[in-house]
Amino acid sequence: MLRLLRQQTSQSSSQTSTAIRHHHFPGYLMVSSARRFACKVAVASLICVVTIALDMRAPVLAQDTVIDRPRIGLALSGGGARGASHIGVLRVLERERIPIDYIAGTSMGAIVGGMYASGMSPEEIEAQLVAVDWDDVFADKVDREVRSYRRKTDDRLWLIDRKLGFNDGKIDFPAGLVQGQKINQLLIGLTLPVTDIDDFDDLPIPFRAVAADIQTGEKVVLGSGYLPKAIRASMSIPAIMSPVPWGNRNLVDGGIASNLPIEAVREMGADIVIAVDISTPLSEENVADSLLSVAEQLTGFLTRRNTEAEIATLGAQDILLVPDLGDIGTADFDRMAEAVPTGVESAEAHLTELRRLSLSESEFADHVAARPMPESGPPVIEFLRVHNETQVSDDFIYGRLHLSQSGAQIIGQPLDVEKLEKGIDELYGLEIFSLIIYEVVKENGKHGLQIRALPRSWGPNYLQLGIKWNTSFNGEGIFNFSASLLKTEMNAWNGEWRTAVSMGEEPGILTDFFQPLGKFGRWFAGAGASLNQFNVNKFAEGTVDIEEQARITQLAASAYAGRDFGTWGRASINYKFGGGEREIRIGDPSTPDQDFDIGEMSVVLEADRLDDLYFPTHGHFASAIYRINRTGLGASQDYDQTLFAAVIARSRGKNTFSFGADYRTTNSGEAPPESRFRVGGLFNLSGFEFNQLSGQHYGRLIGQVRRKFWDTGFADVYIGTSLEYGNVWENRSDIDFGDGLFAGSLYLGANTGIGPVFLGYGYAEGGTSSFYLYVGALRNDPTLR
């Protein structure tokens, strides 16, 4: 149509020009000729206007040598991991030299289509997507190694990781389980060479990503903007992933409106559409017995119906490919490599139809060469811009990214993506941002880096709950329920205040204010107070019978200061002052209650690079503490103690091997009952009752082998065994490595949404044994594992 209109315009203009040049108008014909001339000019002008309007609507195509061929559009449907089949289709299209002039994609179709439209080959797309750890990307959990050290220490509070918003007296929830930080960085990395192109018609192949308006359910076809953001919007599954703001709209996965975007690619100007449908078919089996099956079936209704409606618009000249993906599901990302050949097979089954569209080798080479390919290599950054929408200062953002506001560290340098993303990961590890997005923009011919720091919609105050249930089935058990309120972004340097309450056998309340100092936040200071109760038991020798039990009540205030070393280490000095009471509950009733005072200074050095505190697969932890109690500091008695602990973990496949050691000693004086070292329980000389052994000195070695044998979808389940060797001693002169006790355990463990869960059996030298159940946290200090 465009060519015909252009020809008509050219002919009309030519005829008009000829008439003006060669005709002489007699007087009696002047009016009539003038009218004819005016009509011709009007018609020619109208045709020009229509032609220009249509040209503005249609994307600018690569100018190949075959002028009269039909323009071909590729429509790629959504379907999660099944979308890898699109790659196989692209392989055949390239092999058969079929030119693709337009691409429209939904969800995973938008990812594959966007990558191909940006100039990547099918082989490059496959290598990139198959290598992605999709479980990690969609979990969107901040890797523990890059979490701030403050957030790492939260793991010891036996609170559930997930935080609910608590603002203005009401509970707030995030808009999706996944905010999309890792997905955004993945998409930016995959499309980096073209991220400065904001008109998708200017890509090597014109492209559209199809999303949906969560408010109206309407289809939204994205043809300009920031390409990674457009693709992200197209794949934002409602309730699972947070909607993507786009102007005055919030966009979600386009599958709910147009899962197979045939209409979108036809509107781009396609004469012939090749549509690839990899959506999951509706189940023919009974799904009523499974909540997940019901949810998947309901989603299928939405996508299947609009897909069939789009398919109904295909004409005789169009081609529909439906790869046979068998039992490969939308979430089977570990099977993406298996999905690729199904696309090849589907396309090859339609070779007769496809080859009608083939070009000769030279024509196809000219077509590919005519595509506007992006520049190779990372862009050189000429300016830096930060948009900070949180309550912390811009200086704080720049400082945590190790940048000055002038951007002197990166201006004039090729963009170092790895270094930039490392800084963004560490900033995101503070857990006060919903997203930190970087964009490469082009203004006045110069490339710049733009970083946007977005706040959590459910922040900045958070409610956390937690449980701790420890039992050995034949001794004393503990059940505690806890609730914590964490207020963040209290000032420009991200001061925070936590208050927590625990109810149960070991009740308590604590409040703590933590203040990073300076824009880099390396130094910190804080203060807090706590009130808590716990039991100190003395067991009859050789039995699990409690001979004496003292109920300890402590009230203390503390102040501290220190320095963090990146995200991996910390040094601090602490002062604790207060008092308490020992009340005898079991034992000699004539024993009077005893009051005591606390006055303690301590120095703490720690390094923590474990990927998980309770189920580490790699990394290490080390801690050294020296604490001094003096009457001059307010204590009831003088004594010093040193505590050292270390653990290292390594994995091979699903098997993890770890080794740990800890040594605690009273250097001088005699520690009171509440400060003695208590031993016993799973991994802490397994087989003994909780804290059955106690002394002024303690040493232990432990080795573990653990295997992950089941991923339930919401928890990883492990089976493992431990071998331990250690003992407690009353006097330093009694310490003898040969005087230790062997112990060991067999256990099942699970990393669940409410924290770690362990069910184990322990056996110690001498025949002592016990079963254990831990829910929420280990009763002994987990950092000593």
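## Exercises on a predicted fold

E431 is buried, at a relative accessible area of 12%. Buried means under 20% relative accessible area, exposed over 50%, and partly exposed in between, with a 1.4 Å probe and protein chains only. This is a predicted model, in which local features need pLDDT of at least 70 and side-chain atom pairs count only at pLDDT 80 or more, while totals for chains, interfaces and linings use all residues. Residues are numbered from 1 along each chain as its sequence is written, and side-chain values use heavy atoms, with hydrogens and water left out.

### Exercise 1. The partner of E431

Find the salt-bridge partner of E431 and place both residues in the chain.

Solution.
- Step 1: apply the criterion. A salt bridge is a side-chain nitrogen of Lys or Arg within 4 Å of a carboxyl oxygen of Asp or Glu.
- Step 2: name the pair. E431 bridges to K163, with the closest N and O atoms 3.0 Å apart.
- Step 3: place the ends. E431 lies in the loop between α17 (417–428) and β12 (433–443), and K163 in the loop between α7 (149–153) and β3 (164–167). The two are 268 residues apart, so the pair links distant parts of the chain. Helices (H or I, at least four residues) and strands (E, at least two) are DSSP runs, numbered from the N terminus.
- Step 4: check burial. K163 has a relative accessible area of 10%, so K163 is buried.
- Step 5: widen the view. E431 and K163 belong to a salt-bridge network with R144, R147, D155 and D608.

### Exercise 2. Two further bridges

Compare the R91 and D716 salt bridges by distance and exposure.

Solution.
- Step 1: take R91. R91 pairs with E126, and the closest N and O atoms are 2.2 Å apart.
- Step 2: locate that pair. R91 sits in helix α3 (residues 85–95) and E126 in helix α5 (residues 122–131), 35 residues apart.
- Step 3: classify the ends. R91 is partly exposed at 31% relative accessible area. E126 has 17% relative accessibility, so E126 counts as buried.
- Step 4: take D716. The side chains of D716 and K708 meet at 3.4 Å, N to O.
- Step 5: classify again. D716 is partly exposed at 22%, and K708 is partly exposed at 27%.
- Step 6: set the count. The structure holds 41 salt bridges.

### Exercise 3. Two helix crossings

Describe how α4 packs on α5, and how α8 packs on α9.

Solution.
- Step 1: choose the descriptors. The angle between the axes and the distance between the axes describe two packed helices. Axes are lines fitted to C-alpha atoms, for helices over the stretch in contact, and angles run from 0 to 180 degrees between N-to-C directions.
- Step 2: take α4 (residues 108–117) with α5. The angle is about 135°, and the axes are 10 Å apart. That makes α4 oblique to α5. Angles under 35 degrees count as roughly parallel, over 145 as roughly antiparallel, 65 to 115 as roughly perpendicular, and the rest as oblique.
- Step 3: assign the hand. The α4 and α5 crossing is right-handed. A crossing is left-handed if the near helix is turned anticlockwise from the far one by less than a right angle, and right-handed if clockwise.
- Step 4: list the contact (heavy atoms within 4.5 Å). I111, V112, M115 and Y116 of α4 meet P122, I125, Q128 and L129 of α5.
- Step 5: sort by class. The α4 and α5 contact has seven nonpolar, one polar and no charged residues. Ala, Val, Leu, Ile, Met, Phe, Trp, Tyr, Cys and Pro count as nonpolar, Asp, Glu, Lys and Arg as charged, and the others, Gly among them, as polar.
- Step 6: take α8 (residues 181–190) with α9 (residues 227–234). Their angle is about 130°, and the axes are 9 Å apart. That makes α8 oblique to α9. The α8 and α9 crossing is right-handed.
- Step 7: list and sort. I183, N184, L187 and I188 of α8 meet P228, I231 and R232 of α9. The α8 and α9 contact divides into five nonpolar, one polar and one charged.

### Exercise 4. Backbone exceptions

Locate the cis peptide bond at P460 and the positive phi values of S107 and E489.

Solution.
- Step 1: recall the norm. Most residues other than glycine have a negative phi, and most peptide bonds are trans.
- Step 2: take the bond from G459 to P460. This bond is cis, with omega near 5°. P460 is in the loop between β13 (446–455) and β14 (461–471).
- Step 3: take S107. Its phi is positive, about 55°. S107 lies in the loop between β2 (102–106) and α4. S107 is buried at 9% relative accessibility.
- Step 4: take E489. Its phi is near 55°. E489 lies in the loop between β15 (478–487) and β16 (496–504). E489 is buried at 5%.
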